[in-house]
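Here is a friendly walk through one model, going from the core to the nucleic acid strands and then to a few single residues. Have the viewer open beside the text.

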Amino acid sequence: MKAPDDLAPRWFAQALLAWFDAHRRALPWRGSPDAYGVWLSEIMLQQTRVDTVVPYYLRFLERYPTVAALAEAPLDEVLGAWSGLGYYRRARSLHAAAQAVVDRHGGSFPRELSALRALPGVGAYTAGAIASIAFGERTPLVDGNVARVLSRLFALGDPLGTSASDRALWATAERLVPDERPGDFNQALMELGATVCTPDRPRCERCPVAERCRARLEGRELELPVPRARKAPTRLRLVAAVVRGPDGLLLARRPAGGLYGGLWEPPMVEGGLREAKATLAEAGVSLGAKRGAIEHVLTHRRLAIVVHSGRVDGTIRALAPYEELAFVSDPEGGAIGLSTMAKRVLSISTVEATSPRAGRRR
DNA sequence: AAAACGGGGTG
DNA sequence: CACCCAGTTTT
């Protein structure tokens with residue numbers, strides 16, 4: 001694979017850095033970045049927008065000022081602070097990585113790419129971000145923004161997400177990243193993608209490198225990058241039982257791996273009402289009146305959830321695949337992890353209690 | 001190499 | 001509604 005050389009790396013870095021110095025957004029993790037802050041922000045920013053991350057980042061930093069403080073916190077509390085951010089495995093990895101930094105690196109982050117890469121939740125992108133931004137190492141990185149910018153600049157036509165595309169993008173990024181200010185350069189590339197070289201309406205008139213952008217010169221900026229093929233989301237029908245007892249709400253904890261791993265929710269089972277009734281009965285929960293229904297949409301899944309009230313008959317028994325069932329007095333207090341989906345199910349039954357006609361929200 | 005993994009903003 | 005976001009991990 002021949003590296004494109006129609007764009008001189010030095011000129012490119014100079015133009016991009018000058019633009020970045022004039023147009024960079026003021027974000028809470030910028031300024032004088034330490035490895036802990038960079039790492040925390042980068043984990044949160046994985047597949048998550050800047051505006052969404054900012055309040056979580058500030059809250060985390062206040063609650064866990066150091067990596068040691070985070071390492072000592074209970075996992076359930078960290079999941080509680082993460083609730084609503086999504087991709088909950090990140091929170092579990094965050095906690096495990098904090099403990100690894102304390103146990104294996106004496107409480108300070110390593111600066112070698114391989115050591116960073118070995119931390120849970122840290123892949124090629126995040127390792128490159130920490131190494132370049134926090135430690136000034138000449139390390140490339142490729143995220144969604146960089147992929148789009150480079151695809152257009154060099155007219156890279158491989159569909160995103162393929163190994164061919166990955167190879168070309170990382171090789172290109174590696175060639176461009178300068179010895180001086182590699183962290184600023186990487187952030188500038190991402191900033192350009194986020195604010196100028198946007199997916200739908202690129203503002204080429206504001207782009208500092210438009211004069212040497214191949215896609216622009218060929219009038220193909222809207223055709224690149226070629227998106228990866230998308231699979232239709234699978235549909236899932238679920239029945240949820242909202243059980244209120246004297247000690248609070250009956251919640252179930254999901255298994256650590258997989259969807260909503262480690263989070264709590266009202267017990268729910270897959271399938272139709274008849275099937276759900278039988279399964280829940282085995283766990284000692286009997287289903288009452290229907291309270292409403294919601295549809296919760298994920299990237300690759302559509303959950304149709306019918307919400308019933310429920311009652312415990314005698315003793316509660318295990319309910320697969322949940323790890324544990326327990327009555328919780330203050331589910332949204334932050335002591336445990338609760339997904340937005342679970343909160344919606346709970347709000348349905350709460351709203352329903354005072355206003356019987358309330359159906360689907362949003 | 002492909003699929004799983006959340007949630008929300010945007011046009 | 002479709003797309004996509006400062007990706008990583010597992011299969």
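Ile305 is in contact (heavy atoms within 4.5 Å) with Leu238, Ala240, Met268, Gly292, Ala293, Ile294, Met341 and Val345, once its neighbours within four places in sequence are left aside. Together with Trp39 and Phe60, Ile305 has the most contacts inside the largest nonpolar core, a set of 115 residues. A nonpolar core here is a set of buried Ala, Val, Leu, Ile, Met, Phe, Trp, Tyr and Cys residues joined through side-chain atoms within 4.5 Å. Buried means under 20% relative accessible area, exposed means over 50%, and partly exposed lies in between, using a 1.4 Å probe and protein chains only. Helix α2 (residues 35-45) gives the most to this core, with eight residues. Helices are DSSP runs of H or I with at least four residues, numbered from the N terminus.

Please keep in mind that this is a predicted model, in which local features need pLDDT of at least 70 and side-chain atom pairs count only at pLDDT 80 or more, while totals for chains, interfaces and linings use all residues. Residues are numbered from 1 along each chain as its sequence is written, chains are lettered from A and ligands numbered from 1 in the order in which they are written, and side-chain values use heavy atoms, with hydrogens and water left out.

Now to the DNA. A residue is near a strand if one of its heavy atoms lies within 4 Å of it. Around DNA strand B there are 20 residues, of which Arg49, Tyr87, Ser163, Tyr260 and Arg301 come nearest. Sugar and phosphate make up 56% of the strand B atoms that come within 4 Å of the protein. By class, the surface near DNA strand B has six nonpolar, 11 polar and three charged residues.

DNA strand C has 25 residues around it, and Gly121, Gly123, Asp143, Asn145 and Arg148 come nearest. For strand C, 61% of the atoms within 4 Å of the protein belong to sugar or phosphate, and the rest to bases. Its surroundings comprise nine nonpolar, seven polar and nine charged residues. In both tallies, Ala, Val, Leu, Ile, Met, Phe, Trp, Tyr, Cys and Pro count as nonpolar, Asp, Glu, Lys and Arg as charged, and the others, Gly among them, as polar. Helices α2, α8, α9 (144-153) and α11 each supply at least two residues of the surface near strand C.

The table lists polar contacts to the DNA, meaning pairs of N or O atoms within 3.5 Å.

| Protein atom | DNA atom | Distance |
|---|---|---|
| Gln47, backbone N or O | strand B, base nitrogen | 2.9 Å |
| Leu259, polar backbone atom | strand B, phosphate oxygen | 3.5 Å |
| Tyr260, side-chain N or O | strand B, phosphate oxygen | 2.3 Å |
| Gln47, polar backbone atom | strand C, phosphate oxygen | 3.0 Å |
| Gly144, backbone N or O | strand C, phosphate oxygen | 2.9 Å |
| Asn145, side-chain N or O | strand C, phosphate oxygen | 2.8 Å |

Thr126 lies in helix α8 (residues 124-135). Thr126 is buried, with a relative accessible area of 2%, and, not counting residues up to four places away in sequence, touches Glu42, Ile43, Gln46 and Gly121.

Arg203 sits in the loop between α11 (182-195) and α12 (214-217) and is partly exposed at 26% relative accessibility. The side chain of Arg203 reaches the backbone oxygen of Arg201 at 3.1 Å.

Technical notes: Polar contact = N/O pair within 3.5 Å; in protein donor to acceptor, adjacent residues only side chain to side chain.
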